[in-house]
Amino acid sequence: MSRPGNQQKLNVAIIGAGPAGLGAAIEFQKLPFVNLRIYEQARGLREVGAGISIQRNTWRMLDALGVYDNIDPNTIFRAADGHSVQHRNGRTGELVVSNGQRDTPQRYKHARALRTILQTALLKGIDQSKLRLSSRLIQVSELPNKALSLRFEDGHTDEVDLLVGADGVRSVVRQFSFPDHRINYTGVTAFRALVDAQEILSIPNFPDAVTFWHGPTRWVYTCNLNNGIYEVTARTDVPETSQTASWGQDASTDEFVGLYKEFAPIIKEVLSKVKEVKKFPLFAGPRLSRVISHGSIALIGDASHPLSGAFGAGAGFALEDVYVLARSVNWAHERNRPLSDALELYDRIRSPHYKGMYDILDGFRRSDASGKELTLFDDIVASNIKNKWTDDHYWLYHYNVQEVWEKTYQAEDAKQQGNASRSSEVASRL
Ligand SMILES: Cc1cc2nc3c(=O)[nH]c(=O)nc-3n(C[C@H](O)[C@H](O)[C@H](O)COP(=O)(O)OP(=O)(O)OC[C@H]3O[C@@H](n4cnc5c(N)ncnc54)[C@H](O)[C@@H]3O)c2cc1C
């Protein structure tokens, strides 16, 4: 791989130590020609939020990264009957859909866990001496030799050949790469609470399942996280005007509970058990035309597709990004190709994937618009579940990035060989 100044090693900085940054660290530290550092703005690594779904594609990536066994199965929740998720009418409690995951191997079946469990599993896979905490990136600039200069809030500076933006939905790296791109409040706020599991399971007839309780414009989500903890999450269409509203601020339980007056008594009882709740205003932005820039920057995870948790598999998407990016860089290195070729290959695989994801969301918006004439709670709920929560988009969880990677790089190699043999044919004719 050609590198500025013919350095021996490729200097790589990863910004952010969420699932994307930690995953990238795991993969990049396997490449002997890489000199790696990871910068995280937080003083210590802690996950805010409540639970996280570990979807089929996330498990597949944990396996591929070699950290699958860092998660103790006793610390996560898998539904006894094997479902991934169930959908109920929030007013009547009626079960409408149960997704059985019959074609998913046991190893990759959906699980729900405390977010720290996933984080700890990834963290165990990295060389922590490469991680610099309290390091908030505030400025990126491109030097005349095309290297990137990084400046951090505490005065620290660095110069790198490859900058990996794993800095989440409000990415500074994305802002440098695509200065006109903006994220905005989506009009939806998530409320997340953790409750003593016994309190919830002692509610008569309460289903110990992974359940969405749907209303027309809001839902409540309940699920066991094991470890004696139950998660109660809700999404509502609450107006939130501030563009800087912070992630995980305390909210009042009254504010939260008052939003579900039309819901079934069983849900009101669940909400009455909530003692503390945090609010997460959800921000999102339009799709990026590319997930790379400058021939030296790659965006991964939420930085590459600012969607605020759509599809409940963001950690899996982030790890898929990581899988492809690290292999693309290694591919270019082995063929003595420039870094920009590695990034092009990465973009060729991941940009269409994110286009597919944004297309699904456009379809949801169209179905919302076509359902505008519905007025009754039950009719709207039935229509929402039918249009948004069936298996039309399940390809996202079944997507096999490993196969896609193999096919794409082999096709690129074949193209290059074809070009090379055509050139030598032409040369021999001259
Ligand atoms: C309500 C909600 C529910 C969700 N549920 C699920 C789920 O069930 N399953 C699932 O897989 N995904 C879920 N997601 C999505 C998932 O949380 C994200 O996709 C995932 O966390 C993305 O990881 P990331 O590393 O890209 O970003 P983040 O997790 O946001 O990590 C970014 C990191 O970068 C750091 N950082 C930011 N800026 C800077 C800077 N300037 N300098 C240095 N460091 C910086 C941050 O401190 C942070 O540690 C959900 C998201 C939301 C909003």
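Which domains does the shell around the ligand draw at least three residues from? The legends below start there, and every view comes from a predicted model.

**View 1. The ligand sits among residues from two domains.** Domain 1 (4-75 + 117-183 + 285-414) and domain 2 (184-284) each give the shell at least three residues. In total, 31 residues surround the ligand, and the closest are Ala20, Glu40, Ser53, Arg115 and Asp302. Looking at secondary structure, you'll find at least two shell residues in each of helix H1 (19-28), strand S3 (51-54) and helix H8 (314-334). As for chemistry, the shell splits into 12 nonpolar, 11 polar and eight charged residues.

**View 2. Polar atoms of Arg115, Gln41 and Leu137 meet the ligand.** Start with Arg115, where a side-chain N or O atom is 2.5 Å from an oxygen atom of the ligand. Arg115 is also one of the closest residues in the shell. With Gln41 it's the backbone that takes part: one of its polar backbone atoms is 3.1 Å from a ligand nitrogen. Leu137 likewise uses its backbone, with an N or O atom 2.9 Å from a nitrogen atom of the ligand. How much of the ligand's accessible area does the protein cover? On its own the ligand has 1,000 Å² of it, and the protein covers 88% of that.

**View 3. Strand S4 (residues 85-89) is mostly covered.** Five of its five residues are buried. In a regular strand, side chains alternate between the two faces of the sheet. Here Val85, His87 and Asn89 point one way from S4, while Gln86 and Arg88 point the other way. Both sets are buried, so pick either side of S4 and you're looking at covered residues.

**View 4. S4 pairs with strand S5 and with strand S13.** Strands of a sheet pair through backbone hydrogen bonds, either parallel or antiparallel. S5 (residues 95-99) runs antiparallel to S4, and four bridges join the two. To find your place in this pair, look for Val85, which stands opposite Asn99 in S5. S4 and S5 make a hairpin with five residues between them, and Gly93 in the turn has a positive phi of about 80 degrees. Four bridges also join S4 to S13 (residues 211-214), but this pair runs parallel. A handy landmark there is Asn89, opposite His214 in S13.

**View 5. Six strands line up in an open sheet with mixed pairing.** Read across, the order is S7-S2-S1-S11-S19-S18. Which strands stand at the edges? They are S7 (131-132) and S18 (292-293); each has a single partner strand, so one side of each is left without a neighbour in the sheet. At the S18 edge, two bridges join S18 to S19 (residues 297-299), and the two strands run antiparallel. Zoom in on this pair and you'll see Ser293 bridged to Ile297 in S19.

**View 6. Asn205 and Asn336 each have a positive phi without being glycine.** Most residues other than glycine have a negative phi. Asn205, at about 65 degrees, lies in the loop between helix H5 (197-201) and S13. Is Asn205 buried or exposed? Its relative accessible area is 75%, over the 50% cut-off, so Asn205 is exposed. Asn336, with a phi of about 55 degrees, lies in the loop between H8 and helix H9 (339-370). Asn336 counts as exposed too, at 59% relative accessibility.

Terms used. Residues numbered from 1 in each chain as written. Predicted model: local features only at pLDDT ≥ 70, side-chain atom pairs only at ≥ 80, totals over all residues. Heavy atoms only, no water. Near = heavy atom within 4 Å. Polar contact = N/O pair within 3.5 Å; in protein donor to acceptor, adjacent residues only side chain to side chain. Areas by Shrake-Rupley, 256 points an atom, 1.4 Å probe, with all protein chains shown as cover. Nonpolar A, V, L, I, M, F, W, Y, C, P; charged D, E, K, R; others polar. Domains from an automatic or database assignment. Buried < 20%, exposed > 50% of the residue type's maximum accessible area, 1.4 Å probe, protein only. Pairing = 2+ DSSP bridges.
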